[in-house]
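Subject: Structure handover

Hello,

Please find the structure below, together with some notes on it. They are meant for someone who has not looked at it before.

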Amino acid sequence: MRARHPVNVFAGPYVDRDSALRRDAAGLADALAAPATRFVPVWRNQSLLQKQPSHAAVLIGREAFASLDADGAILLGRYEGSACFAVEIEAPEALTLPPHAEFADLRLVGALLPHAQAGLLAYARAMVWWRHRHRHCGVCGAPTQAHSAGHVMACTNPGCATEYFPRIDPAIIVLISDGERALLGRQAAWAPGLYSTIAGFVEPGESFEDAVVREVREETGVTVTEVAYHSSQPWPFPSSLMVGFSAHAAPDAIVRTDEELEDARWVTREEMAAGAVALPTPTSISFRLIADWYELASARPLAEEPAARFWRARG
């Protein structure tokens, strides 16, 4: 059995979040003005990447945002020793882009980036998405205003003054095995032949383990036991935290599907290696769940199987 990669894509200690700086008005002003400060632009939920000679995040210097103030920037923390802010831009033309740079969907290209850069861009995307959708108070409807370096949106109505903080939606994702086979499913909207692990959102009053049992039963009719935590992954598409598990099912478990899945089926390691189904992008925790299960009883990593099929980004 191989040692697991310690951190999923988009996760890890890639930035010092420096929460104390969020409440330091003078320190924020100094950070915004510092020549070494870098900015992560986000346009329509897309991230700025340089594609040649290799994929890399493009961080912008202060000169591109001469009129930016604390209300327009979201502090991400200190990245490689310098302050770093996320900024939502209205149009790509607002920036002078370096050669071979363009805005791209991070979900498609995150696995091509250096690990720390992928995490930083995911953090920026999630914060911009949250802020963009909390411009008005959900209690009284008044406009909100950014505080704490963009980490609080506060209602401007003095009689309400409700504060909103960034939220994530926890979801479980699980690799179910009967020992020799893995249970995978597909949605009708997915790419042809693509199958993945079973997933679903956690409901109020429910533990992660309870959600695993319920979601698997609802979507496939299979009852699972021995639910065990695997790992987690921030998934800012738009604001989820994927909490990964493994679980066991009886070898004679009969599979059915509900309205969420077009198909669900048991898949052997031999079928995966032969390309009988296309598997998820290496960016996702679903790929890691499948690969770790596969490699428990395989001499070769799943990603190196010559006939295996994977849904990959082009770039």
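Ala149 is buried, as its relative accessible area is 7% and the cut-off for buried is under 20%. This is a predicted model, and that applies to everything that follows. Ala149 lies in the loop that connects E8 and E9. Its phi is positive, near 60°, and Ala149 is not a glycine. That deserves a remark because most residues other than glycine have a negative phi.

The strands around that loop come next. E8 covers residues 144-147 and runs antiparallel to E9, with four bridges joining the two. One of the pairs is Gln145 with Ala154, its bridge partner in E9. E8 and E9 form a hairpin with four residues between the strands, and Ser148 there also takes a positive phi, near 50°.

E9 itself spans residues 152-155, and its residues are all buried. Val152 and Ala154 point one way from the strand, while Met153 and Cys155 point the other way. E9 also pairs with strand E10 (residues 163-164), again in the antiparallel sense, over two bridges. Met153 of E9 has Tyr164 of E10 opposite.

The loop between E9 and E10 holds Ala161. Ala161 has a positive phi of about 55° and is not a glycine either. Is Ala161 buried or partly exposed? Ala161 is partly exposed, with a relative accessible area of 44%, whereas Ala149 is buried.

A second hairpin is made by E5 and E6, with two residues between them. In its turn, Glu80 has a positive phi of about 55°. E5 (residues 74-79) has five of its six residues buried, so the strand is largely enclosed by the rest of the structure. Five bridges link E5 to E6 (residues 82-88), and the pairing is antiparallel. Leu75 has Phe85 of E6 as its bridge partner.

E5 and E6 are also among the elements against which helix H2 packs through its buried residues; the others are helix H1 (19-22) and strand E1 (38-43). H2 covers residues 25-33, and its buried residues are Gly27, Leu28, Ala31 and Leu32. Seen down the helix axis, these fall within an arc of 135°, so they line one face of H2. The general rule behind such a pattern is that an α-helix has 3.6 residues a turn, so residues three or four places apart point the same way. On the face turned away from the buried side are the exposed residues Ala25, Ala26, Asp30 and Ala33. At the start of H2, a side-chain oxygen of Asp24 comes to within 3.3 Å of the backbone nitrogen of Ala26.

Now the nonpolar cores. Which residues have the most contacts inside the largest one? They are Phe10, Leu76, Leu120, Leu184, Met272, Leu279 and Leu302, in a core of 56 residues. Helix H4 (residues 115-132) gives the most to this core, namely nine residues. A second core, separate from that one, has 21 residues, among them Leu21, Leu32, Leu48 and Leu95. Leu32 is also one of the buried residues of H2.

Met272, from the largest core, can be followed in more detail. Apart from its neighbours within four places in sequence, Met272 is in contact with Ala182, Leu184, Val267, Leu279, Ile290, Trp293, Tyr294, Leu302 and Ala308.

There are also two cis peptide bonds to look at. The bond from Gln52 to Pro53 is cis, with omega near 5°. Pro53 sits in the loop between strand E2 (46-50) and strand E3 (56-57). The bond from Phe237 to Pro238 is cis as well, with omega near 10°. Pro238 is in the loop between strand E14 (224-235) and strand E15 (240-249). Both are listed because most peptide bonds are trans.

One last residue is Ala64, in the loop between strand E4 (60-61) and E5. Ala64 counts as partly exposed, at 36% relative accessibility. Ala64 and Phe201 are 137 residues apart along the chain, and their C-alpha atoms are separated by 40 Å.

Regards

Definitions and conventions. Residues numbered from 1 in each chain as written. Predicted model: local features only at pLDDT ≥ 70, side-chain atom pairs only at ≥ 80, totals over all residues. Heavy atoms only, no water. Buried < 20%, exposed > 50% of the residue type's maximum accessible area, 1.4 Å probe, protein only. Pairing = 2+ DSSP bridges. Arc of directions from axis to C-beta. Contact = heavy atoms within 4.5 Å. Polar contact = N/O pair within 3.5 Å; in protein donor to acceptor, adjacent residues only side chain to side chain. Core = buried A, V, L, I, M, F, W, Y, C linked by side-chain atoms within 4.5 Å.
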